[in-house]
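Reader: I'd like to get better at reading helix packing. Can you walk me through it on an actual model?

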Amino acid sequence: MATGEIITAVAMTEPGTGSDLQAVTTRAIRDGDEYLLSGAKTFITNGYNANLLCVVCKTDPKARAKGISMLMVETDELEGFRRNKPLKKIGMKGQDTCELFFDDCRVPIGNILGGEQGQGFYQLMNQLPRERLIIAAGAVAAMEIVVDITVDYVKQRKAFGQTLIDFQNTKFKLAELKTEARIARVFLDDCIEKLNNDQLDNETASMAKWWCTEKQFETAHQCLQLHGRYGYIMEYPIAHYFADSRVSMIYGGSNEIMKELISRSL
């Protein structure tokens with residue numbers, strides 16, 4: 001994986017199942033020394049190029065959380081496996097996001113993650129706070145860079161005989177965005193410290209994910225506005241940041257799910 005010889009993907013989401021991972025329908029039924037894997041996955045990052053998939057599936061279809069396992073699937077020359085062309089997305093066009101299909105694919109029982117079936121849901125739950133913190137980290141980095149590139153732009157762009165930075169509206173708006181980016185960075189750093197000390201709980205990670213991604217999109221939106229018409233042109237970086245930021249409020253668990261998780265701790 002480190003050298004790039006193996007490209008991996010985590011296959012969780014299904015056409016009819018997103019945040020409710022207990023409802024996955026992809027199943028792996030034991031057949032001797034192999035599992036017969038059947039089902040479909042969608043919106044899988046790295047899906048088109050990956051040759052090693054971590055597939056979330058039901059090894060006990062009648063159970064919910066306790067019936068979930070994670071199966072490592074090597075796709076090279078795997079009979080019954082196919083994938084569609086990368087999906088056309090609003091943003092993040094550099095990622096090969098696609099649909100995956102399994103039709104009685106034979107996978108050795110030794111490929112089950114952790115060596116024991118039925119552990120998948122707990123393995124996922126243990127790692128989701130870390131994943132959501134990673135999303136928050138990307139959001140904060142995006143906030144900081146869009147403010148920086150917008151400051152550079154408004155210092156050069158002129159209107160009515162003066163640069164845009166000379167207008168009070170521009171200065172005040174950027175002052176607000178810079179402040180919010182700093183607040184987000186402080187919150188993120190606190191979460192990272194908690195993670196390093198094994199103290200990051202699911203509620204705090206959910207707070208970081210929803211708030212930072214909402215601010216990421218809002219910051220990109222406001223900075224695009226300050227670019228005027230040029231902000232709507234894909235040749236300018238701000239347009240890419242705007243388009244790419246929208247999905248961060250959806251993947252890794254939608255922000256509505258994040259608020260639901262937080263509310264349970266109230």
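Author: Sure, and keep in mind that this is a predicted model. Let's start with a pair: α1 and α2 are roughly antiparallel to each other, because their axes make an angle of about 155° and anything over 145 counts as such.

Reader: What do people quote to describe two packed helices?

Author: Two packed helices are described by the angle between their axes and the distance between the axes. Here, helix α1 covers residues 120-156 and helix α2 residues 168-196, with the axes 9 Å apart. The crossing of α1 past α2 is left-handed.

Reader: Which residues of α1 and α2 make the contact?

Author: On the α1 side they include L133, A136, A137, V140 and V147, and on the α2 side L174, L177, A181, A184 and L188 are among them. Sorted by class, the α1 contact with α2 has 16 nonpolar, two polar and six charged residues.

Reader: Now α3 and α5: at what angle do they pack?

Author: At about 145°, again with axes 9 Å apart; α3 is residues 202-226 and α5 is residues 255-263. The crossing is left-handed here too. From α3, residues including M207, W210 and E214 meet α5 residues such as M258, L261 and I262. That contact splits into five nonpolar, four polar and four charged residues.

Reader: And how many helices and strands does the chain have?

Author: Five helices and nine strands. Along the sequence the order is β-β-β-β-β-β-β-α-β-β-α-α-α-α. The C-alpha trace spans about 80 × 40 × 35 Å along its principal axes, and 41% of the 266 residues count as buried.

Definitions and conventions. Residues numbered from 1 in each chain as written. Predicted model: local features only at pLDDT ≥ 70, side-chain atom pairs only at ≥ 80, totals over all residues. Heavy atoms only, no water. Axes fitted to C-alpha atoms, helices over the stretch in contact; angles between N-to-C directions. Helix = DSSP H or I, 4+ residues; strand = E, 2+ residues; numbered from the N terminus. Left-handed = near helix turned anticlockwise from the far one by under 90°. Contact = heavy atoms within 4.5 Å. Nonpolar A, V, L, I, M, F, W, Y, C, P; charged D, E, K, R; others polar. Parallel < 35°, antiparallel > 145°, perpendicular 65-115°, else oblique. Buried < 20%, exposed > 50% of the residue type's maximum accessible area, 1.4 Å probe, protein only.
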